[in-house]
Amino acid sequence: ANIPVIAIDGPTASGKGTVAQKVARQLGFHYLDSGALYRLTALSAIRRGIAMNDEHGLAKSAEHLNCHFDGGHIFLANEDVSQAIRAEEVGNTASKIAVLATVRHALYGLQLSFRKAPGLVADGRDMGTVIFPHAPLKVFLTASVEARAQRRYKQLIDKGFPANMEDLSKDLRERDARDMNRASAPLKPAEGAYLLDTSEMTADEAVRQVLSWYAAL
Ligand code: C5P
């Protein structure tokens, strides 16, 4: 149970995913993209026609999530949905169902199971506050709405999805508000977390900072 965890939390499009993956690669650690689990639950519910007010059905989707991660790809049943879960509609649905304590509870054990030797880098909203509260290193990554909208815009365009800066900024603000104001595991810096504002930083600079905090433990 002494397997180290680096918990990296922050708002949508703050660059957590990129930074967390690079840190994991540098250290040879496993990587948990907890947001992907909420996105997979959302996609699975959308496809099965589960209504957004059917809390029981949504929790069941989370509980019976038939997913696996392989070589950077994400599978639902045996379909590669790595691209599909990145669509804005899926992200918005994920953020709506993530307010449900039953859904969060259903995904708890699955998240813990990613903690394997030699270590784990976990990114999300509540890695340091709820899922891995004893993580030896916790980082809260932020960036301005403008910087985040820019990054999300580029990501979407690169992946061939349509995107519009104004809509993206509005979506980001709405998602931030939902993540920060929910009763269950709201987005906030964990106790003892290092704050890192990446608005003016490259991903590699952020990675170096996280690695130097880890080395100094
Ligand atoms: O990080 P990502 O944008 O992929 O996450 C999708 C949604 O899942 C977020 O908007 C957030 O509402 C939710 N989420 C969460 N807790 C996590 C990770 C993601 O509530 N640990």
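Here is a short chat between a student and a tutor about how the strands and helices of this predicted model fit together.

Student: Let's start with the five-strand sheet: in what order do its strands come?

Tutor: This sheet is open, and its strands pair in the parallel sense. From one strand to the next, the twist averages 20°. Reading across, the order is β2-β6-β1-β7-β8.

Student: Which strands stand at the edges there, and why is one side of each left without a neighbour?

Tutor: An edge strand has a single partner strand, so one side of it has no neighbour in the sheet. That is the situation for residues 30-33 and for residues 194-197. Those two stretches are β2 and β8.

Student: Which residue of β8 stands opposite Phe140?

Tutor: Look at where β7, residues 137-142, runs parallel to β8. Four bridges join this pair of strands. Opposite Phe140, in β8, you'll find Leu195.

Student: What about helix α1: at what angle does it run to β6?

Tutor: Helix α1 covers residues 16-27 and lies across β1, β2, β6 and β7. Another helix, α2 (residues 34-47), packs on this sheet too, touching β2 and β6 and making about 45° with the direction of β2. As for α1 and β6, the angle is about 180°.

Student: How are α1 and α10 set relative to each other, and why?

Tutor: Their axes come within 9 Å and cross at roughly 55°. An angle between 35 and 65 degrees is neither roughly parallel nor roughly perpendicular. The two helices therefore count as oblique.

Student: By class, which residues does the contact of α1 with α10 have?

Tutor: On the α1 side, the contact includes Val19, Val23 and Leu27, and on the α10 side Val207, Val210 and Leu211 are among the residues involved. Lys22 of α1 and Asp204 of α10 also take part. The tally is two charged, two polar and nine nonpolar residues.

Student: Now α8 and α9: which hand does their crossing have?

Tutor: Helix α8 (residues 145-158) packs with helix α9 (residues 165-181) at an angle of about 120°, their axes 9 Å apart. They are therefore oblique to each other. The crossing of α8 past α9 is right-handed.

Student: How many charged residues does the contact of α8 with α9 have?

Tutor: From α8, the contact draws on residues including Glu146, Arg148 and Arg152. Helix α9 adds Arg173, Arg175 and Asp176, among others. Alongside seven nonpolar and two polar residues, the number of charged ones is six.

Student: There's a three-strand sheet as well; which strands stand at its edges?

Tutor: This open sheet has the order β3-β4-β5, with antiparallel pairing. Residues 67-70 and residues 79-80 each form a strand with a single partner, so one side of each lacks a neighbour in the sheet. The edge strands are β3 and β5.

Student: What is the bridge partner of Leu76 in β5?

Tutor: Strand β4, residues 73-76, pairs with β5 over two bridges in the antiparallel sense. Helix α2 lies across β3, β4 and β5, at about 35° to β4. In β5, the partner of Leu76 is Glu79.

Student: One more: which elements do the buried residues of α3 pack against?

Tutor: Helix α3 takes in residues 55-63. Gly57, Leu58, Ala59, Ser61 and Ala62 are buried there. The helices they pack against are α2, α4 and α5.

Definitions and conventions: Residues are numbered from 1 along each chain as its sequence is written. This is a predicted model: local features need pLDDT of at least 70, side-chain atom pairs count only at pLDDT 80 or more; totals for chains, interfaces and linings use all residues. Side-chain values use heavy atoms; hydrogens and water are left out. Two strands pair if DSSP finds at least two bridges between them. Axes are lines fitted to C-alpha atoms, for helices over the stretch in contact, and angles run from 0 to 180 degrees between N-to-C directions. Contact means heavy atoms within 4.5 Å. Buried means under 20% relative accessible area, exposed over 50%, partly exposed in between (1.4 Å probe, protein chains only). Angles under 35 degrees count as roughly parallel, over 145 as roughly antiparallel, 65 to 115 as roughly perpendicular and the rest as oblique. Ala, Val, Leu, Ile, Met, Phe, Trp, Tyr, Cys and Pro count as nonpolar, Asp, Glu, Lys and Arg as charged, and the others, Gly among them, as polar. A crossing is left-handed if the near helix is turned anticlockwise from the far one by less than a right angle, and right-handed if clockwise.
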